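Please look over the sequence and the model before reading on. The text after them is meant as a guided walk for someone who has not met this structure before.

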Amino acid sequence: MGENESFWESLIYAHPTCVAWKQEQEGSIYQLASILFVVGFMGGSGFFGLMYVFSLLGLGFLCSSIWAWLDVCAADIFSWNFVLFVICFIQFIYVTYQVRSVSFEKEFQELYSSLFQPLGISLTVFRKIVLCCDAEVITLEKEHCYAMQGKTPIDKLSMLVSGRIRVTVDGEFLHYIFPLQFLDSPEWDSLRPTEEGIFQVTLTAETDCRYVAWRRKKLYLLFAKHRFISRLFSILIGSDIADKLYALNDRVHVGKGLRYDIRLPNFYQVAVPGTPKVQPAEQLVSNSRHKFSNIANCDSSKK
């Protein structure tokens, strides 16, 4: 203990104390360096936050180096501040290169800013999602089919970027698919990763369309590596299925002019006598509603 106390005492009291403080202030370069340090440490997170921090800190260390060289004339102070300036400059170049390497095409930029950025998804995570679809946006011409009922296999998950898709079953119109909606979310959710299936509806481009497609196997591999992305897509797909069910709900009516509400199916089944035979569209709503309720119950039980 005595040795430790003597060490701390020598560390504190070995240097002469300040008897008189300097009356004059340091020069403008030193003041500018201090301001840059204060503003620089207010930076945020993410790539652009790091660029902000390293750029201002680098300028602050550069000003401190100039101050040490011109005013203080201290080689050690100059050396340390200049080394820190070089480190900040290298970090700024590295982060800038990373930001440039994460740049996307226009459609992916709009997709990120409209859907993923409001959810707090970083560019690095979105880059993994884009690479999973080979960073490719596919064009579907007007009146061309994305899927045909009973023929097209369910082997991918697609999201519409621009245009409008018409969904029909046995020639009967069901609903439209608009940009930022999945083309085949019900089909994706109806199958397990090891199962195969075919489309029960026909999807036809009503205008020239552009969409992004993820292959099932590659997307499941991405989910296995990154659980966060798996949960993200689960939420997006569940919300998309709900939107499609409500789109069907706006069209389907039952006897005596009452609107069929998917939130109160039992009420109408009891209150409306002589319910007509269920049509294909109504049958699809019923099956999808039952499937979606099972998903909601599973999610609530996990929580």
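The paragraphs below take up a helix residue, then a sheet, then a loop residue, and last the cysteines.

The model is predicted, and its local features are described only where pLDDT is at least 70. A place to begin is helix α4, which runs over residues 75-101 and contains F85. Is F85 buried or exposed? Its relative accessible area is 18%, and the limit for a buried residue is under 20%, so F85 counts as buried. Leaving aside residues up to four places away in sequence, F85 is in contact with G58, F61 and L62. Another residue to compare in position is C63, 22 residues from F85 along the chain. The C-alpha atoms of F85 and C63 are 9.2 Å apart.

Next comes a sheet. It is open, has 3 strands in the order β1-β7-β3, and its pairing is antiparallel. Why is one side of β1 and of β3 left without a neighbour in the sheet? Both stand at the edges, β1 as residues 138-140 and β3 as residues 156-162, and each has a single partner strand, so one side of each lacks a neighbour there. From one strand to the next, the twist averages 35 degrees.

The pairing of β1 with β7 can be followed in more detail. Strand β7 covers residues 209-215, and 3 bridges link it to β1 in the antiparallel sense. T139 has R210 of β7 opposite to it. Helix α8, residues 216-225, packs on the sheet and touches β3 and β7. The direction of helix α8 makes about 65 degrees with that of β7.

The loop between β6 (202-205) and β7 holds E206. With a relative accessible area of 14%, E206 falls under the 20% limit and is therefore buried. What does E206 touch, apart from residues up to four places away in sequence? The contacts of E206 are K142, R164, I165, R166 and Y176. With Y176 there is also a polar contact between the two side chains, at 3.0 Å.

The cysteines close the tour. For a disulfide, two cysteine sulfur atoms must lie within 2.5 Å, and by this rule the count is 0. C63, already met in relation to F85, is buried, with a relative accessible area of 11%. C145 has 36% relative accessibility and counts as partly exposed, because that class lies between the buried limit of 20% and the exposed limit of 50%.

Technical notes
Residues are numbered from 1 along each chain as its sequence is written. This is a predicted model: local features need pLDDT of at least 70, side-chain atom pairs count only at pLDDT 80 or more; totals for chains, interfaces and linings use all residues. Side-chain values use heavy atoms; hydrogens and water are left out. Helices (H or I, at least four residues) and strands (E, at least two) are DSSP runs, numbered from the N terminus. Buried means under 20% relative accessible area, exposed over 50%, partly exposed in between (1.4 Å probe, protein chains only). Contact means heavy atoms within 4.5 Å. Two strands pair if DSSP finds at least two bridges between them. Axes are lines fitted to C-alpha atoms, for helices over the stretch in contact, and angles run from 0 to 180 degrees between N-to-C directions. A polar contact is a pair of N or O atoms within 3.5 Å; within protein, one must be able to donate a hydrogen and the other to accept it, and residues adjacent in sequence count only if both atoms are side-chain atoms.
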